[in-house]
Amino acid sequence: MSDAARADGSGGGSRSGTEPIRRSVEVEYWVIDDDGRLTDPGDLVDASAGVEREFVSPLLEIKTTPCESTAELRDELVDRIDRVLRRADELDKGLVPLATPLHDGDIVDLEGERTRIQDRVVGDRFEYVRHCAGTHIHVEQQPGRAVDQLNTLTALDPALALVNSSPYFEREPLAASARSVLYRRLAYEHLPRQGELWPYLEDTEEWARRLERRYEAFVAEAVTAGCDRETVEACFTPEGAVWIPVKLRAAFSTVEWRSPDAALPSQVVQLADDLVEVVDRAVTTEVQIGGDEGRVTDDAVVLPSFDTVTERVEAAIRDGLESDDVRSYLDRMGFDVDAYKPLSAELRGDEALSAAEARQTRLDYADRLKRDIRPRQPVSGD
């Protein structure tokens, strides 16, 4: 039994019941016109259930409901994306599965009090957030094992390398996952604990204390930036005032992994499938923490030291699957690394993109997204 499980009052052994762990995803896509320029989604928002605007004009989010199997998740995600794409065809628009828009100019915010407050708190660096499209994977919390689930997802954070999808920011190559650099390093540089990966937890009480400290820090920064305290507190809860890679979500009773880039639907489903398999192993076996190397076995999920995790995360962001350390780490943690073909590796180059090249690349990957949802390929969870 892990120390975290003891502290959380969970006990060891298998989880109760035979129901599978449910999972859901949220994927963000850039919307373009038929010339490859970023554009407003317009009526695409009404094309399907689970479709929402994001906080910037050309970004659309497509969500699934909690699903009990990989097949169910894939079918629902593909159906919803397909409905949006059919409406997009009617409107001469497309969806781009890349983590940054490559070369874009100004990206306009939608009006909203939350966005206005974040803009004031983060300042000029909020511009970096406007260029980020990502994927969130939610895994259902298991009674008494949420801390083990969160710690496992923390150790799995280098798996972001499996779906890195854009190396560019404003035409220039930046890293295998440019979005991760923008979001984690640049946007929240003066508030790093609002956006960086947090260390392992001992218990849920520690999580509550961390959230409260970060919430107080955020509110204080907002007031210093000229925002009204009551308005800030009305717009943000402690859970909603941090943008960290791994979160306990009380509102959804899930553990949320927020690190992956926007990616093709097949890649998102494959990643969710592999992720849930490891988290399920963490729930049904023992979780151990310590050492320089993590591994998943039939009897335990062994999480390395947090320092080791952060080293692998940095390599995953900078070099992606070109890093031998990242590949071997993910292999030990239960991923079939060779089964993944990150889009970022296809795009990565040493030269800056012209505006015309960026538009054509967006058009090419919008077509790639259409091809990806047919035919539907089985994955290991079926």
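How much accessible surface does the protein have, and what share of that surface belongs to carbon and sulfur atoms? In this predicted model, the accessible surface comes to about 15700 Å². Carbon and sulfur atoms account for 43% of that area.

The overall architecture was examined next. The protein contains 13 helices and 12 strands. Its radius of gyration is 20 Å, close to the 21 Å given by the globule rule for 382 residues, so the protein is as compact as a globular protein of that length. The C-alpha trace spans about 55 × 50 × 40 Å along its principal axes. Of the 382 residues, 54% count as buried. Contacts were also sorted by sequence separation. Among those between residues at least 6 apart in sequence, 75% join residues at least 24 apart. The protein carries 47 positive and 78 negative charges. The mean positions of these two sets are 1 Å apart.

Helix 6 covers residues 178–187. This helix is mostly covered, with eight of its 10 residues buried. The buried set starts with Ala178, Arg179, Ser180 and Val181. Leu182, Tyr183, Arg184 and Ala187 are buried as well. Two arginines, Arg179 and Arg184, are thus among the buried residues of the helix. The cover over the buried residues of helix 6 includes helix 3 (113–122) and helix 4 (126–129). Strand 6 (168–169) and helix 10 (306–318) also contribute to that cover.

The loop between helix 6 and helix 7 (204–224) holds Gln194. Gln194 has a relative accessibility of 2% and counts as buried because that value falls under 20%. Two polar contacts involve the side chain of Gln194. One joins it to the side chain of Arg214, at 3.2 Å. In the other, a polar atom of the Gln194 side chain lies 2.6 Å from the backbone oxygen of Ala241. Neighbours within four places in sequence were left aside in listing the wider surroundings of Gln194. On that basis, Gln194 is in contact with Tyr188, Arg214, Ala217 and Phe218. Gln194 also touches the run of Ala241, Val242, Trp243 and Ile244. Arg214 and Ala241, the partners in the polar contacts, are therefore both on the contact list, where contact means heavy atoms within 4.5 Å.

Ser69 sits in the loop between strand 3 (59–63) and helix 2 (70–90). With a relative accessible area of 26%, Ser69 is partly exposed. A polar atom of the Ser69 side chain lies 3.1 Å from the backbone nitrogen of Glu72. Ser69 and Val296 are 227 residues apart along the chain. Their C-alpha atoms are separated by 21 Å.

Backbone angles were then considered at two loop residues. Asp92 is found between helix 2 and strand 4 (93–96). Its phi is near 55 degrees, a positive value in a residue other than glycine. Asp92 counts as partly exposed, at 46% relative accessibility. Ser253 lies in the loop between strand 8 (246–249) and strand 9 (254–257). Phi of Ser253 is positive too, at about 55 degrees, although this residue is not a glycine. The relative accessible area of Ser253 is 37%, so Ser253 is partly exposed.

Definitions and conventions. Residues numbered from 1 in each chain as written. Predicted model: local features only at pLDDT ≥ 70, side-chain atom pairs only at ≥ 80, totals over all residues. Heavy atoms only, no water. Helix = DSSP H or I, 4+ residues; strand = E, 2+ residues; numbered from the N terminus. Rg over C-alpha atoms; globule rule 2.2 N^0.38 Å. Buried < 20%, exposed > 50% of the residue type's maximum accessible area, 1.4 Å probe, protein only. Areas by Shrake-Rupley, 256 points an atom, 1.4 Å probe, with all protein chains shown as cover. Lys, Arg positive; Asp, Glu negative; His and termini not counted. Charge placed at Lys NZ, Arg CZ, Asp CG, Glu CD. Polar contact = N/O pair within 3.5 Å; in protein donor to acceptor, adjacent residues only side chain to side chain.
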